[in-house]
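Reader: I have a model open and would like to practise reading it with you. Could you take me through it one feature at a time?

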Amino acid sequence: MTKNVLLVGESWITSETHFKGFDSFSSAHYHTGSEPFLKAVQGDEFDVTYMPSHLAVEELPFDRAGLDRWDVILISDIGANSLLLPPDVFLRSQRRPNRLKLLRDWTHDGGGLMMVGGYLTFQGIDGSGRWHRTPVEEALPVTCLPYDDRIEVPDGFKARITGDAEHPILRGVPSDWPHALGANEIVARDGAEVLACLPDDEGGHPLLVAGEYGKGRSIAWASDMAPHWLPPEFLEWEGYPTLWLNMLRWLART
């Protein structure tokens, strides 16, 4: 049976000012980082809905019935404020359901939740991801730091695999992973399974952590799903689609 997956986030807009002597002009660009993941998991096994960051602000459901449409939800590079402050709350001072509590409770009741690293997930750049001490953090197998948690590794690091090669998430994934360029620093909860870590010379922090929450499951992947932390060699690696499909299968209990 096809499982329904929702990917939330992984989009951004940049604004630039160009100076040419006396004159200047501005331009804006819309970017998405979802393509490598969507390509890796395409097929009949999972029906993936992609909800970019600017749409999630208002379109991520405000009720359990809406969330129950999906078996797995991935939160990737989008800050907690985007879900806490929809226009009704921020602009019109109207009360709305807290979607972070809904996501926590949805996971507890059997959903599969994953947080993917980036500049606005976990705690993120300058702490502005702001997932620390939120209801969503309660459902994750890790806790977030209360400040900027980025680990920038411009010379690259190779993950140290700490989980059993026969674990459903690691099964069929080659043990020699390509270099990544960064991650968020996270702390594994007691009882969680730490399947991969950064190398000791980069602090040995958890990179891939899986755990149970109530009747549900959750995964923390501390690096990106696309550039800039995952360079082309990682995205083209034969283990990339296997790893993502295994994580979705484990979360969906297939």
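Reader: Glad to start with the surface: how much area does the protein expose, and what share of it do carbon and sulfur atoms supply?

Author: Accessible areas come from the Shrake-Rupley method with a 1.4 Å probe, and for residues only the protein chains shown count as cover. Here the protein exposes about 11900 Å², and carbon and sulfur atoms supply 50% of it. Please keep in mind that this is a predicted model, in which local features need pLDDT of at least 70 and side-chain atom pairs count only at pLDDT 80 or more, while totals for chains, interfaces and linings use all residues. Residues are numbered from 1 along each chain as its sequence is written, and side-chain values use heavy atoms, with hydrogens and water left out.

Reader: What does the secondary structure come to?

Author: Helices (H or I, at least four residues) and strands (E, at least two) are DSSP runs, numbered from the N terminus. This protein has nine helices and 14 strands.

Reader: And what share of the residues counts as buried?

Author: Buried means under 20% relative accessible area, exposed over 50%, and partly exposed in between (1.4 Å probe, protein chains only). Of the 254 residues of the protein, 50% are buried.

Reader: Which residues have the most contacts inside the largest nonpolar core?

Author: A nonpolar core is a set of buried Ala, Val, Leu, Ile, Met, Phe, Trp, Tyr and Cys residues joined through side-chain atoms within 4.5 Å. The largest one has 72 residues, and those with the most contacts inside it are Leu 74, Trp 177, Leu 207, Leu 208 and Trp 244. Helix α9 (residues 239-252) gives the largest share of this core, nine residues.

Reader: Which residues does Trp 177 touch?

Author: Contact means heavy atoms within 4.5 Å. Not counting residues up to four places away in sequence, Trp 177 touches several residues, among them Leu 207, Leu 208, Trp 221, Phe 234 and Trp 237.

Reader: Is Ser 76 buried or exposed?

Author: Ser 76 is buried, with a relative accessible area of 0%. Its place is in strand β5 (residues 72-76). Leaving aside neighbours within four places in sequence, the contacts of Ser 76 include Gly 9, Glu 10, Thr 121 and Met 225.

Reader: Where does Cys 144 lie?

Author: Cys 144 lies in strand β7 (residues 142-144) and is buried, with a relative accessible area of 4%. The C-alpha atoms of Cys 144 and His 132 are separated by 5.1 Å, with the two residues 12 apart along the chain. Beyond neighbours within four places in sequence, Cys 144 is in contact with Phe 122, Gln 123, Trp 131, His 132 and Glu 137.
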